[in-house]
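Biologist: I would like to learn how to read a sheet. Can you take me through one, step by step?

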Amino acid sequence: MPFLISPVLTAGALAGRPQPTLPADGGLVLRPWRDGDAPAVYEVFQDPLMHQWHARSADSVAEVADWIRTWRQAWEAEQEAHWAVADAETGALLGRVALRELRLEDGTAEVAYWTVPEARGRGVAARATTALTHWAFEEAGFHRLELLHAVRNEASCRVADRTGFGLEGTKRSAIMQPDGWHDMHLHARLRGD
């Protein structure tokens, strides 16, 4: 049965080219993950704040190296797109920004991010999200990006606000975290907002 509408993005829209490196304001760069990033990511996941807002922990550098391989494979499979956020001058890892839940035919994805403890409060997540959003809309051709965060995660709410993701509502008891079920704020942007 034929579809009555054309897909927003077709298969191969991402995987048909290498994952780009994206410049961001304030001396940041969004780059594909490297094997050598595993020790730094492992250290980030030892931070208690990461355990508060993420359901995942890291038991070893080898486990994180597997994550990184999976993140790279997700680009090739057009399922997700993950970038390391780094200082453009020193190369130091400052965080991660990603498009998850890719639905190419609908032109939609979910934005996710985290920062290393030393980078928090410096606007790193907002600048990385801004750069990723620009690329997703203007270069890749996405139509809608969503951003979800726990209602109690006020820092993530500030990032959403600063980057133009309007609050659309609350998903009640939507995500299980180590301390129980969390209500989630749903923010979104459309191309052209």
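**Reading the sheet**

Modeller: Start with one facing pair. A150 stands opposite M184 in strand 8. That pair belongs to a larger ladder: strand 6 and strand 8 are antiparallel and share seven bridges. Keep in mind that this is a predicted model.

Biologist: What is the order of the strands in the open sheet?

Modeller: Strands pair if at least two bridges are found between them. Here eight strands form an open sheet in the order 1-2-3-4-5-6-8-7, and the pairing is mixed. Strand 1 (22-24) and strand 7 (166-177) are the edges; each has a single partner strand, so one side of each lacks a neighbour in the sheet. On average, neighbouring strands are turned by 25° against each other, direction ignored.

Biologist: How many bridges join strand 7 to strand 8?

Modeller: Eight bridges join them, and the two strands run antiparallel. Strand 8 covers residues 180-190. For a facing pair, take G169, which stands opposite L186 in strand 8.

Biologist: Which way do strand 5 and strand 6 run, parallel or antiparallel?

Modeller: Parallel, with four bridges. Two facing pairs show the register. A109 is opposite L145 of strand 6, and V111 is opposite L147 of that strand. Now follow the chain: it leaves strand 5, passes through helix 4 and enters strand 6, a β-α-β crossover that is right-handed.

Biologist: Where does helix 4 lie?

Modeller: Helix 4 (residues 124-140) lies across several strands, including strand 4 (93-103), strand 5 (108-115) and strand 6 (144-150). Its angle to strand 4 is about 35°.

Biologist: Why is strand 5 described as largely enclosed?

Modeller: Apply the burial cut-off, under 20% relative accessible area. Eight of the eight residues of strand 5 are buried, so the rest of the structure largely encloses this strand. Check each face in turn. T108, E110, A112 and W114 are buried on one side, and A109, V111, Y113 and T115 are buried on the other. Strand 6 is mostly covered, with five of its seven residues buried.

Biologist: How many residues lie between the strands in the hairpin of strand 4 and strand 5?

Modeller: Four residues. Look at the backbone there: G107 takes a positive phi near 70°. The two strands run antiparallel and are joined by seven bridges. Within this pairing, R100 stands opposite E110 in strand 5. E110 is also one of the buried residues on the face with T108, A112 and W114.

Notes. Residues numbered from 1 in each chain as written. Predicted model: local features only at pLDDT ≥ 70, side-chain atom pairs only at ≥ 80, totals over all residues. Heavy atoms only, no water. Axes fitted to C-alpha atoms, helices over the stretch in contact; angles between N-to-C directions. Contact = heavy atoms within 4.5 Å. Buried < 20%, exposed > 50% of the residue type's maximum accessible area, 1.4 Å probe, protein only. Right-handed = clockwise from strand over helix to strand, strands pointing away.
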